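Please load the structure in your viewer and keep the sequence panel open beside it. The tour below goes from selection to selection, with a short note on what is found at each stop.

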Amino acid sequence: MTGTGPSRLGDALGLYLHWPYCARICPYCDFNVYRPKGNDEALLAAILTDMSDWRARTGDRPLASLHFGGGTPSLMKPDWIARVIETAERLWGFAPGIEIGLEANPADQARFAAIGSVGVGRLSLGVQSFDDTVLAALGRDHDAARARGAVDAALSAFSRVSVDMIYAQTGQTVEAWTRELGEALASGASHVSAYQLTIEPGTAFGKRTERGETLAVDGDSAADLYEATQALCVSRGFPAYEISNHARSPADQSVHNRIYWEGGDWIGVGPGAHGRLGRSTMDGRIATTACRRPADYIAAVSRSGSGVGDGQLERLTPDDDLVERAFLGLRVTDGLDLGHLRVTTGRSLNGDGIDRMVKDGFLHRADSRLQLTAQGRLLADRVTREVLP
Ligand SMILES: C[S@@+](CC[C@H](N)C(=O)[O-])C[C@H]1O[C@@H](n2cnc3c(N)ncnc32)[C@H](O)[C@@H]1O
Ligand code: SF4
């Protein structure tokens with residue numbers, strides 16, 4: 001990566017913990033989420049056991065990142081978060097400067113100080129919008145005033161704060177969005193994730209769309225909003241380091257996300273959590289998925305010590321590994337390291353496809369790095385498909 005940020009995170013080890021409960025389920029969300037079932041304490045115990053099981057497989061590698069994602073991990077009691085952190089440190093040890101991050105809903109701001117006091121250093125806050133009408137349309141349980149209060153509470157409790165925003169809802173103008181994004185960039189947060197609203201099949205928004213409602217803007221308007229996002233973020237000193245992610249400096253970038261995009265190793269614990277391990281296994285990279293339903297996850301751990309049930313541990317073929325690394329790595333502004341790709345997968349991208357995409361202005365090649373151009377970022381997945389072997 002450029003600048004003074006952490007380098008070559010592809011070699012780091014991360015731990016991702018998925019906390020699947022949410023006070024209410026948002027109509028656009030297709031993450032593995034559930035209303036609380038009253039079995040939270042049993043889930044915590046299962047996650048701690050699953051962590052010990054993973055330690056036996058990964059060997060002695062210090063963690064560069066510990067991330068509480070969800071769902072809504074800010075619903076976890078602070079002393080449960082503390083137990084996870086202590087257990088992770090005892091099992092693996094922490095690399096210097098480890099990032100301990102947690103995703104939070106603004107509604108949980110009363111817990112932020114306690115969550116910060118047990119060792120979480122980075123909070124990623126689901127603000128989504130600073131407009132009451134947009135928040136209501138997104139089915140959120142907070143309004144703009146509460147979002148502002150939550151950002152202030154987060155800034156006083158954590159050394160690093162990120163704000164998540166969603167744009168491109170139907171009817172949203174460039175002016176309205178840049179006003180909201182401008183507020184996020186001026187909020188004091190050092191990182192902003194700006195996600196284009198995706199209508200996911202099976203969600204409440206997906207069903208309304210099938211019935212003929214228009215909930216998101218069309219492709220041209222989405223491209224205008226994306227370009228306005230890039231321009232405003234750059235002018236306010238928040239350049240993109242990935243398609244949807246902006247940081248004030250390299251040190252403000254998310255280590256957790258970069259391990260994922262750069263093809264590093266991470267362990268996934270908690271219901272439905274994904275993991276990838278390459279360096280700790282003898283041959284090839286493995287993809288793991290824990291049992292999705294909380295009750296199944298708890299049962300699997302009590303049966304076998306592991307939350308990964310039968311058939312959810314898959315050895316990636318070198319070709320699958322290459323495709324995944326290309327899709328994720330090209331999203332990063334610094335681009336994909338073609339030399340590293342060859343060493344890790346034993347495969348190469350399609351040279352003719354690369355030449356064509358460079359000639360058409362969608363890709364830029366600098367030494368062994370391949371980067372999407374501004375034009376290419378608008379069509380990232382399509383451009384990536386063109387360079388696959
Ligand atoms: C897994 S959520 C966790 C954050 C927290 N539970 C919350 O919602 O405030 C991570 C982020 O993904 C984004 N997100 C989820 N579903 C989305 C969708 N369909 N389209 C765009 N962004 C989405 C939201 O910005 C959300 O903050
Ligand atoms: S967006 Fe966040 S709060 Fe809403 S359902 Fe998804 S994970 Fe839960």
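Which atom of ligand 1 lies 2.8 Å from a polar side-chain atom of R140? Select R140 together with ligand 1, bearing in mind that this is a predicted model, and the partner turns out to be an oxygen atom of the ligand. Add D164 next, where a polar side-chain atom is placed 2.7 Å from an oxygen atom of ligand 1. Then show the backbone of T198, since a polar atom there lies 2.9 Å from a nitrogen atom of ligand 1. With these contacts displayed, switch to a surface view: ligand 1 taken alone exposes 560 Å², of which the protein buries 91%.

Now widen the selection to the 17 residues around ligand 1, among which N105, Q128, R140, D164 and T198 come nearest. Colouring this shell by residue class gives six nonpolar, eight polar and three charged residues. If you then colour by secondary structure, the strands β3 (94-104), β4 (122-128), β5 (160-167) and β6 (191-196) can be seen to supply at least two shell residues each.

For the last stop, select helix α6, residues 174-185, whose 12 residues reach 16 Å from the first C-alpha to the last, close to the 16 Å expected at 1.5 Å a residue. Display its side chains and look for A176, W177, E180, L181, G182, A184 and L185, which are buried. To see what covers these buried residues, bring back β4, β5 and β6, and add α4 (132-137) and α8 (219-235), which are included in that cover.

Conventions. Residues numbered from 1 in each chain as written. Chains lettered and ligands numbered in written order. Predicted model: local features only at pLDDT ≥ 70, side-chain atom pairs only at ≥ 80, totals over all residues. Heavy atoms only, no water. Near = heavy atom within 4 Å. Polar contact = N/O pair within 3.5 Å; in protein donor to acceptor, adjacent residues only side chain to side chain. Areas by Shrake-Rupley, 256 points an atom, 1.4 Å probe, with all protein chains shown as cover. Helix = DSSP H or I, 4+ residues; strand = E, 2+ residues; numbered from the N terminus. Nonpolar A, V, L, I, M, F, W, Y, C, P; charged D, E, K, R; others polar. Expected span 1.5 Å × (residues − 1). Buried < 20%, exposed > 50% of the residue type's maximum accessible area, 1.4 Å probe, protein only. Contact = heavy atoms within 4.5 Å.
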